[in-house]
Amino acid sequence: MPKPEQPAHTGSGAFFERRYWVDVQHARQPAAELLDHIESHLPDFSPDLLAEFKKSKGAAHSLRVGDEFGVKILGPWNGDVRVTDIGPDYFELATLESHPEAGRICFSLKPHATLPDTLRFEIHSKARSRDGLVAFTYDTLGFGKKVQQQTWETFCQRVSDYCGGLQLGPVQVETIRQDESGTEITHDA
């Protein structure tokens with residue numbers, strides 16, 4: 001029987017909406033071809049020491065809805081994710097029961113809204129900690145937050161490197177923290 005998803009409303013502590021993005025001009029391939037490669041080689045873009053992805057369900061070198069990955073995360077918690085949606089310019093993963101977070105994360109590669117011949121790769125997550133202990137370690141102590149931020153910044157940098165072309169500035173990070181009622185507490189950019 002497949003593990004159930006762990007949606008954000010089942011978690012504990014504050015809700016976090018995070019965006020990590022990088023812009024690349026003059027990529028060596030069209031966005032669709034680049035995204036197909038990222039989907040087919042997802043573990044290659046994540047830093048193994050921080051978050052090692054291993055496919056546990058689904059064919060190698062492809063990505064389909066229902067595929068699953070085990071994620072070995074630096075620290076005492078590992079978790080699983082499932083592919084829940086794939087579109088022409090994005091794919092989405094949901095955390096499964098026992099993952100340290102409860103929520104979803106979307107990876108997209110699209111033409112930049114205003115700059116010609118420029119692509120934006122973005123990772124956008126909406127999640128909260130699975131329980132009070134994870135919330136304490138992640139948010140109060142800050143350890144989990146640092147590991148997660150480094151993981152996704154490295155992922156974005158590796159995508160930029162693979163795209164070729166000119167990277168327009170460093171990887172950008174934005175975090176919106178909300179309380180349990182959905183009221184914004186902090187907004188860091």
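A residue counts as buried when its relative accessible area is under 20%. With that cut-off in hand, the tour may begin; the model on display is a predicted one.

**Stop 1: Glu68 and Arg82**

Please select Glu68. Its relative accessible area is 11%, so Glu68 is buried. Now add Arg82, which also counts as buried because its relative accessibility is 12%. Between Glu68 and Arg82 there is a salt bridge, in which the closest N and O atoms are 2.9 Å apart. This pair links distant parts of the chain: Glu68 belongs to strand 3 (residues 68-73) and Arg82 to strand 4 (residues 79-87), 14 residues apart. Extend the selection to Glu5, Glu92 and Arg104. Together with Glu68 and Arg82, these residues form one network, joined by salt bridges that share partners. As a general matter, side chains of opposite charge can pair when their charged atoms come close.

**Stop 2: Arg19, Glu174 and Trp21**

The whole structure contains 10 salt bridges. For another of them, select Glu174 and Arg19, whose closest N and O atoms are 2.9 Å apart. Glu174 lies in strand 9 (residues 172-178) and Arg19 in strand 1 (residues 12-25), so the salt bridge ties together parts that are 155 residues apart in sequence. Glu174 has a relative accessibility of 15% and therefore counts as buried. Arg19 is likewise buried, at 18%. Keep Arg19 in view and add Trp21: Arg19 lies over the face of Trp21, at 4.2 Å from the ring centre.

**Stop 3: Glu52 and Lys54**

Next, select Glu52, in strand 2 (residues 51-57). Glu52 forms a salt bridge with Lys54, and the closest N and O atoms of the two are 3.6 Å apart. Lys54 has a relative accessible area of 53% and is therefore exposed. Leaving out residues up to four places away in sequence, Glu52 touches Pro47, Gly70, Val71 and Lys72. To obtain a sense of scale, place a distance marker from the C-alpha atom of Glu52 to that of Thr118: the two are separated by 29 Å and lie 66 residues apart along the chain.

**Stop 4: Glu39**

Select Glu39 in helix 1 (residues 31-40). Which side chain of opposite charge is nearest to Glu39? It is Arg64, 6.1 Å away; Glu39 is buried yet has no salt bridge. A salt bridge requires a side-chain nitrogen of Lys or Arg within 4 Å of a carboxyl oxygen of Asp or Glu. Around Glu39, display Ser62, Leu63, Ile86, Tyr90 and Phe91, which Glu39 touches when residues up to four places away in sequence are not counted.

**Stop 5: Phe91 and Phe107**

Retain Phe91 from the previous stop and add Phe107. Their ring centres are 4.8 Å apart and their planes stand at 5 degrees, so the pair is stacked. Phe91 sits in strand 5 (residues 90-95) and Phe107 in strand 6 (residues 101-111), and the pair links these distant parts of the chain, 16 residues apart. Phe91 has 0% relative accessibility and therefore counts as buried. Phe107 is also buried, with a relative accessible area of 0%.

A search of the whole structure finds 9 aromatic pairs. To see how ring pairs connect, select Phe45, Phe53, Phe69, Phe91, Phe107, Phe121, Trp152, Phe155 and Tyr162, which they link into a cluster. At Tyr162, add Arg28: the charged end of Arg28 sits over the ring of Tyr162, 4.2 Å from its centre.

**Stop 6: The nonpolar core**

The largest nonpolar core has 33 residues, and those with the most contacts inside it are Phe53, Phe107, Phe121, Ile123 and Phe155. Helix 4 (residues 143-163) provides the largest share of this core, 5 residues. Centre the view on Phe155. Apart from neighbours within four places in sequence, Phe155 is in contact with Ile38, Leu42, Phe45, Ser46, Phe107, Phe121 and Ile123.

**Stop 7: Val65**

Finally, select Val65, in the loop between strand 2 and strand 3. Is Val65 buried or exposed? Its relative accessible area is 55%, so Val65 is exposed. Setting aside neighbours within four places in sequence, Val65 is in contact with Val83, Thr84, Asp85 and Ile86. The C-alpha atoms of Val65 and Lys145 are separated by 28 Å, with the two residues 80 apart along the chain.

Note on methods: Residues numbered from 1 in each chain as written. Predicted model: local features only at pLDDT ≥ 70, side-chain atom pairs only at ≥ 80, totals over all residues. Heavy atoms only, no water. Phe/Tyr/Trp six-rings, centres within 6.5 Å; stacked < 30°, edge-to-face > 60°. Helix = DSSP H or I, 4+ residues; strand = E, 2+ residues; numbered from the N terminus. Buried < 20%, exposed > 50% of the residue type's maximum accessible area, 1.4 Å probe, protein only. Lys NZ or Arg CZ within 6 Å of the ring centre and 35° of its normal. Lys, Arg positive; Asp, Glu negative; His and termini not counted. Contact = heavy atoms within 4.5 Å. Core = buried A, V, L, I, M, F, W, Y, C linked by side-chain atoms within 4.5 Å.
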